[in-house]
Amino acid sequence: MNIYSKCLVYIIGCGAFIVGSTSHAATIFTESWDDPSIIGGATSTNLPAGWLRFSTGVGGTSQIWHPESTDRFKEADPLASPADGDQVLFLTELNTNVFRMTGAIIQPNTTYTLSAAIGNDLLSTNNQYWSLQLWTDADMDRTFTWNQVGDAFIGQEFGTTATAVNALPGDWALNTFSFDSSTVPNLVGQELIVFLNNWSGGAASFYDNVSLSASANPVPLPPTVILFLSGLGALVAGKGVGKGAGSINVPTTAHPVLLHRLTVAQGSCAAWPAFAVRVAAQSSPRSHDRSGHYRWAGLG
Ligand SMILES: [Ca+2]
Ligand SMILES: [Ca+2]
């Protein structure tokens with residue numbers, strides 16, 4: 001098999017894998033805290049639609065802020081990426097937080113990703129006590145009632161963990177928390193809740209570009225489809241002379257469009273993509289057996 005044939009088989013084989021594994025993330029919501037708009041330099045306690053307060057620490061605030069000067073962040077009007085727009089969510093003091101009932105009901109075999117730009121401002125001493133949390137409305141009362149009453153904590157990205165990304169002072173960094181519902185199937189059917197917190201007194205947390213998305217987990221192609229695409233690659237590649245053991249049977253009625261009927265003889269390679277390479281290493285069909293199958297003998 002020349003290098004062209006090998007590449008062709010690999011390309012077709014890879015195509016089979018990509019088709020089988022591609023999924024698209026669907027956005028459930030995004031929040032840039034820019035609506036309603038407030039004047040430069042001002043703060044507002046009016047949260048955007050959909051957001052509610054759960055608790056506010058002593059002396060703390062949960063508010064929208066429109067930084068106009070660059071005393072806290074290096075860029076303002078607009079903010080630097082991965083933040084954007086002019087406004088942010090600003091939380092201060094112990095366990096000051098907001099939550100959002102997402103309306104998203106957890107589906108099976110789906111990965112949910114919560115992401116946000118997290119700011120490290122130039123004036124605060126501690127900006128590392130933020131957290132991106134996912135909960136479910138386990139008691140189904142359509143609001144966030146914490147686990148003391150019955151809602152369920154799924155998990156979080158917390159600012160002091162090793163995987164968290166804390167920006168340099170004056171900058172922003174993107175952080176995410178992902179949850180695969182296939183790992184906790186008992187949560188399927190419950191509503192997702194997004195919870196944003198500032199965990200420590202004397203600390204401040206800045207959030208922008210909060211988003212939640214859902215992506216169906218990849219589903220492997222059925223073996224027959226992989227065989228079809230791999231076998232098609234074998235036919236296109238044609239005259240392989242590579243080494244290989246085993247054989248592959250093809251119905252005598254086979255036509256390239258019917259290659260989904262390919263069956264792998266016992267003992268031949270079944271693992272993909274090795275299978276595709278092995279098939280391509282076979283010669284053109286030489287004979288067929290009594291069961292009506294063409295047979296490519298393994299080549300030495
Ligand atoms: Ca913003
Ligand atoms: Ca609840």
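## Ser44, the core and the backbone of a predicted model

Ser44 counts as partly exposed, because 16 other C-beta atoms lie within 10 Å of its own. A buried residue would need 20 or more such neighbours, and an exposed one would have 12 or fewer. The model is predicted. This serine belongs to strand S2, which covers residues 43–44. Beyond its neighbours within four places in sequence, Ser44 contacts Ile38, Gln63 and Ile64. Strand S4 spans 62–65. Phe90 lies 46 residues from Ser44 along the chain, yet their C-alpha atoms are separated by 10.0 Å.

**Overall build**

The protein chain has four helices and 16 strands. It holds 300 residues, and 37% of them count as buried. How much of the contact network links residues far apart in sequence? Take the contacts with a separation of 6 or more: 75% of them join residues 24 or more positions apart.

**The nonpolar core**

The largest nonpolar core contains 41 residues. Val88, Leu89, Ile118, Leu134, Val194, Leu196 and Tyr207 touch the most other members. Strands S5 (88–92), S6 (96–105), S7 (110–119), S8 (130–136), S10 (172–180), S11 (191–198) and S12 (204–216) each supply at least two residues of this core. Which strand gives the most? Strand S12 does, with six residues.

Ile118 shows how such a core residue is surrounded. Residues up to four places away in sequence are left out here. Ile118 then touches Trp130, Ala167, Trp172, Ala173, Asn175, Phe206 and Tyr207. Tyr207 is itself among the core members with the most contacts to other members.

**Strand S8 and its partners**

Is S8 mostly covered or mostly open? Six of its seven residues are buried, so by the 20-neighbour cut-off S8 is mostly covered. S8 pairs with two strands named here. With S11 the pairing is antiparallel and runs over seven bridges. Leu132 has Leu196 of S11 as its bridge partner. Leu196 also appears among the core residues that touch the most other members. With S9, residues 152–158, the pairing is again antiparallel, over six bridges. Here Gln133 is bridged to Gln156 of S9. As general background, side chains in a regular strand alternate between the two faces of the sheet.

**Backbone features**

Where are the cis peptide bonds described here? One runs from Asp35 to Pro36, with omega near 10°. Pro36 sits in the loop between strand S1 (25–31) and S2. Another cis bond joins Asp77 and Pro78, with omega about 5°. Pro78 is in the loop between S4 and S5.

Positive phi values also turn up outside glycine. Met140 is one case, and Arg142 is another. The table sets them side by side.

| Residue | Phi | Loop | C-beta neighbours within 10 Å |
|---|---|---|---|
| Met140 | near 55° | between S8 and H2 | 11 |
| Arg142 | near 65° | between S8 and H2 | 10 |

Helix H2 covers 146–149. Why do these two residues count as exposed? The cut-off for exposure is 12 or fewer C-beta neighbours within 10 Å. Met140 has 11, so it counts as exposed. Arg142 has 10, and therefore counts as exposed too.

How values were computed: Residues are numbered from 1 along each chain as its sequence is written. Chains are lettered from A and ligands numbered from 1 in the order in which they are written. This is a predicted model: local features need pLDDT of at least 70, side-chain atom pairs count only at pLDDT 80 or more; totals for chains, interfaces and linings use all residues. Two residues are in contact if their C-beta atoms, placed from the backbone, lie within 7 Å. A nonpolar core is a set of buried Ala, Val, Leu, Ile, Met, Phe, Trp, Tyr and Cys residues joined through C-beta atoms within 7 Å. Two strands pair if DSSP finds at least two bridges between them.
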